[in-house]
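Subject: Structure handover

Hi,

Here is the structure I promised to pass on. Have a look at it first, and then read on for what turned up.

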Amino acid sequence: MILTTEQRQKLEKMGYRFAGNNYHAAAKICHWTKKSILDEGVCYKEKFYGIESHRCLQMSPSIPFCQQKCFFCWRDLSSTDIEWEGPYDEPKEIIEDCIQAQRKLLCGFFGNEKANKKKALESNDPKNAAISLAGEPMLYPEIGELISEFHRRDFTTFLVSNGLTPSKLKDLPQDPTQLYLSLDAPEKETQKKLCQPQIERAWEKLNDSLELLSTFDCRKVLRITAVREKNMFNPQGYADLIKKAQPDFIEVKAYMFVGYSRQRMALDNMPMFSEVKDFARDIGELCGMEVVNEATESRVVLLG
C-alpha cells in the first residue's frame with residue numbers, strides 16, 4: 001500500500017518526515033528528544049539502558065504496514081496493510097534521509113535560549129535508531145540490511161516487533177542491539193480482542209517468536225502495554241509466556257490515552273502508575289523477576 005497524498009499530508013502535519021521516494025519510511029522527533037535538549041527530562045530508555053535521548057532517531061521503514069490493528073495504538077489504522085505492496089527504498093537512502101529530516105526538525109533549537117547548546121549540536125549526529133515509530137518493521141523487505149547499515153554507521157539499534165513474523169526474525173543476518181517483542185495478551189482470546197490480528201495463526205506465530213527470543217545474542221526485552229480492563233489480568237498467563245521467551249528484561253508500560261486511540265478507547269483504560277507497578281510485581285513474582293527500575297512520568301516499570 002502506497003499512502004495517498006492526503007494520508008501523507010496528514011502524517012506530515014503530525015510531525016512525520018518521509019524518507020526515500022516511495023513514502024513507506026519516515027522519521028519523527030520524539031517528545032523526549034526535545035525535552036532532553038531543553039534539559040527538562042529524558043526518556044526512560046536513557047534511564048534504563050543508557051541511550052541518550054537527544055541523540056535518538058525515531059523512525060520506521062514500514063509506516064503503512066502492520067498485521068494487527070491494536071485498539072490501543074495511537075496511530076490511524078485506516079491506512080494499514082498486512083503485506084508489503086509496491087516498490088521500496090534502499091536502507092542507505094532511508095537512513096540518510098531520516099538523519100537529514102531529524103536535523104531540519106531540530107534546527108530551531110539552535111536559536112532557543114533555553115536549549116542546551118552541547119546537546120543541540122550532538123543531536124545533529126544521532127547514535128541510536130529506535131526502529132519503532134509506526135507499522136511493523138519486520139515487514140520491510142530489507143530489514144536485515146537496514147540494521148546492518150545502521151551498525152556500519154556506528155549506531156545502536158532498538159528494534160520493536162509484534163512477533164508475527166518468526167521466520168524473518170529467525171533469518172535476521174545480524175542482531176539488533178536490543179530486540180523488543182510486544183506481549184500484550186496472556187492468552188489467545190485477549191490477543192484476538194485487543195490486538196485484532198489480521199492474519200491467520202497470529203497467536204501461534206507470536207509463540208514461535210517467543211521461543212526464538214532466547215537464541216538471540218543481543219539484549220532481549222518483552223514489552224507489555226498495560227490497558228486497564230483489557231489485559232491487566234491473568235499474571236500467570238504472562239509469566240508462562242515470559243518463561244518460554246527467557247528475556248533479559250520486561251517493560252510493563254501503561255497505555256496512554258493519546259492520538260487515534262482516543263477514538264477506540266476510554267480515558268479510564270489508562271492505568272495509574274501504581275496499578276502498573278502492582279501488575280508488574282504480580283507477574284515478576286510468578287516468573288522469578290523483580291522490579292529493577294521505573295520511570296513514573298512514563299508510567300513504566302522494568303523487571304529484570
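One bit of bookkeeping before the residues: helices here are DSSP runs of H or I with at least four residues, numbered from the N terminus. Please also keep in mind that this is a predicted model.

**Salt bridges**

With that numbering, helix 6 covers residues 143–152, and both R152 and E149 sit in it, three residues apart, or about one turn of the helix. Their side chains meet in a salt bridge, at 3.0 Å from N to O. The two ends of that pair sit in contrasting surroundings: R152 is exposed at 52% relative accessibility, whereas E149 is buried at 5%. The cut-offs behind those words are over 50% for exposed and under 20% for buried.

E149 also forms a salt bridge with R153, where the closest N and O atoms are 3.0 Å apart. R153 has a relative accessible area of 26%, so it counts as partly exposed. Elsewhere, E52, R55, D125, K127 and D154 are joined into one network by salt bridges that share partners.

Helix 5 has a pair of its own. K118 and E122 meet through their side chains in a salt bridge of 2.7 Å, N to O. Helix 5 runs over residues 117–122, and these two are four residues apart in it, so about one helical turn separates them. K118 is exposed, with 57% relative accessible area. In total, the structure holds 16 salt bridges.

**The nonpolar cores**

Which residues have the most contacts inside the largest nonpolar core? They are M59, L146, F150, L183, I242 and V252, in a core of 58 residues. M59 is worth clicking on: if you skip its neighbours within four places in sequence, it is in contact with A26, A27, I94, C98, A130, I131, S132, L133, L146 and F150. Another core lies apart from the largest one; it has 15 residues, including C43, F48, A130 and F158.

**A helix pair**

Two packed helices are described by the angle between their axes and the distance between the axes. For helix 9 (residues 202–213) and helix 10 (residues 235–245), the axes come within 6 Å and cross at roughly 50°. That crossing angle is why helix 9 is called oblique to helix 10. On the helix 9 side, W203, N207, L210, E211 and L213 make the contact, and they meet L241, K244 and A245 of helix 10. Sorted by class, the contact of helix 9 with helix 10 has five nonpolar, one polar and two charged residues.

**A buried glutamine**

Is Q102 buried or exposed? With a relative accessible area of 1%, Q102 is buried. Q102 belongs to helix 4, residues 91–106. Its contacts, leaving aside neighbours within four places in sequence, are I29, C56, L57, Q58, S123 and P126. Q102 and R55 are 47 residues apart along the chain, and their C-alpha atoms are separated by 10.0 Å. That is the R55 of the salt-bridge network above.

**Loops to check**

Most residues other than glycine have a negative phi. D39 is not a glycine, yet it has a positive phi of about 55°. You will find D39 in the loop between helix 2 (31–37) and helix 3 (44–49), and at 49% relative accessibility D39 counts as partly exposed.

R299 also has a positive phi, of about 55°, without being a glycine. R299 is in the loop between strand 9 (291–295) and strand 10 (300–303).

R299 turns up again in the contacts of M256: not counting residues up to four places away in sequence, M256 touches S261, M270 and R299. M256 itself lies in the loop between strand 8 (249–254) and helix 11 (273–287), and is partly exposed at 28% relative accessibility. As for M256 and G111, they are 145 residues apart along the chain, with 32 Å between their C-alpha atoms.

That's the tour. Over to you!

Cheers

Terms used
Residues are numbered from 1 along each chain as its sequence is written. This is a predicted model: local features need pLDDT of at least 70, side-chain atom pairs count only at pLDDT 80 or more; totals for chains, interfaces and linings use all residues. Side-chain values use heavy atoms; hydrogens and water are left out. Axes are lines fitted to C-alpha atoms, for helices over the stretch in contact, and angles run from 0 to 180 degrees between N-to-C directions. Angles under 35 degrees count as roughly parallel, over 145 as roughly antiparallel, 65 to 115 as roughly perpendicular and the rest as oblique. Contact means heavy atoms within 4.5 Å. Ala, Val, Leu, Ile, Met, Phe, Trp, Tyr, Cys and Pro count as nonpolar, Asp, Glu, Lys and Arg as charged, and the others, Gly among them, as polar. A nonpolar core is a set of buried Ala, Val, Leu, Ile, Met, Phe, Trp, Tyr and Cys residues joined through side-chain atoms within 4.5 Å. Buried means under 20% relative accessible area, exposed over 50%, partly exposed in between (1.4 Å probe, protein chains only). A salt bridge is a side-chain nitrogen of Lys or Arg within 4 Å of a carboxyl oxygen of Asp or Glu.
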